[in-house]
Amino acid sequence: MTLVKLGQVAYADAFGAYTTVRLYPEDRLTLIPDGVTDDQAASSLLKGLTARYLLKETVQLHEGDTVLYHAAAGGVVRSSHRGKIAWIHVIGTVSTAEKLRSPSKRL
């Protein structure tokens, strides 16, 4: 059993989230690196879970499928790089030319 302190890990279940002490499967915890704020950790976990849900749970995707993301400059799309791993074609829309040109916003 590994003991962690408040702020060292994040997890997705809400049940028991406000308890003082809790047992939780180690393989379901996400370690939070030093320097990452609670807000950053929470939003990253939420974006990653949303991306996973969209790519793995909503529809059954297969090699060669195409996924269209609206607002592709948003964090959920950047979290969904798994599409590239699964050989899925990704097309994204953006609202401004600036978002299109920004290298940090590319899929």
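**Notebook: Thr-50 and its surroundings**

I began with Thr-50, which I found lying in helix H1. I kept in mind throughout that this is a predicted model.

Is Thr-50 buried, exposed or partly exposed? I looked up its relative accessible area, which is 29%, and because burial requires a value under 20% and exposure one over 50%, I entered Thr-50 as partly exposed. I then followed its side chain and noted that it reaches the backbone oxygen of Leu-46 at 2.8 Å.

I turned next to the helix as a whole. H1 covers residues 38–58, and I checked its length against expectation: at 1.5 Å a residue, its 21 residues should span 30 Å, and the end C-alpha atoms are 28 Å apart, which agrees. I also asked which residues of H1 are buried, and I wrote down Ala-41, Ala-51 and Leu-55.

For the strands, I started at E3, residues 66–69, where I recorded two faces: Val-67 and Tyr-69 are on the covered one, whereas Thr-66 and Leu-68 are on the uncovered one. I then looked for the pairing of E3 and found that four bridges join it to strand E4, residues 89–92, with the two strands running parallel. Where in E4 is the bridge partner of Tyr-69? I traced it to Gly-92, so that Tyr-69, which I had placed on the covered face of E3, also has its bridge partner on record here.

I went back towards the start of the chain to look at Gly-7, which sits in the segment before strand E1 (9–10). Its relative accessibility is 36%, and I therefore counted Gly-7 as partly exposed. I also noted that Gly-7 and Val-36, although 29 residues apart in sequence, are 9.6 Å apart in space, C-alpha to C-alpha.

For the overall picture, I counted four helices and four strands, and I read their pattern along the sequence as β-β-α-β-α-α-β-α. Of the 107 residues in the protein, 17% are buried. Among contacts with a separation of 6 or more, I found that 38% come from residues 24 or more positions apart. The protein exposes about 8,600 Å², and carbon and sulfur atoms supply 57% of that area.

Last, I checked confidence. The mean pLDDT of the protein is 77, and 79% of its residues reach 70 or more. Where is confidence lowest and where is it highest? I found the lowest mean, 52, in helix H3 (residues 82–85), and the highest, 86, in strand E2 (residues 30–31).

Methods:
Residues are numbered from 1 along each chain as its sequence is written. This is a predicted model: local features need pLDDT of at least 70, side-chain atom pairs count only at pLDDT 80 or more; totals for chains, interfaces and linings use all residues. Side-chain values use heavy atoms; hydrogens and water are left out. Buried means under 20% relative accessible area, exposed over 50%, partly exposed in between (1.4 Å probe, protein chains only). Contact means heavy atoms within 4.5 Å. Accessible areas come from the Shrake-Rupley method with a 1.4 Å probe; for residues, only the protein chains shown count as cover. Two strands pair if DSSP finds at least two bridges between them. The expected span of a helix is 1.5 Å times one less than its number of residues. A polar contact is a pair of N or O atoms within 3.5 Å; within protein, one must be able to donate a hydrogen and the other to accept it, and residues adjacent in sequence count only if both atoms are side-chain atoms. pLDDT is the predictor's confidence in each residue, from 0 to 100.
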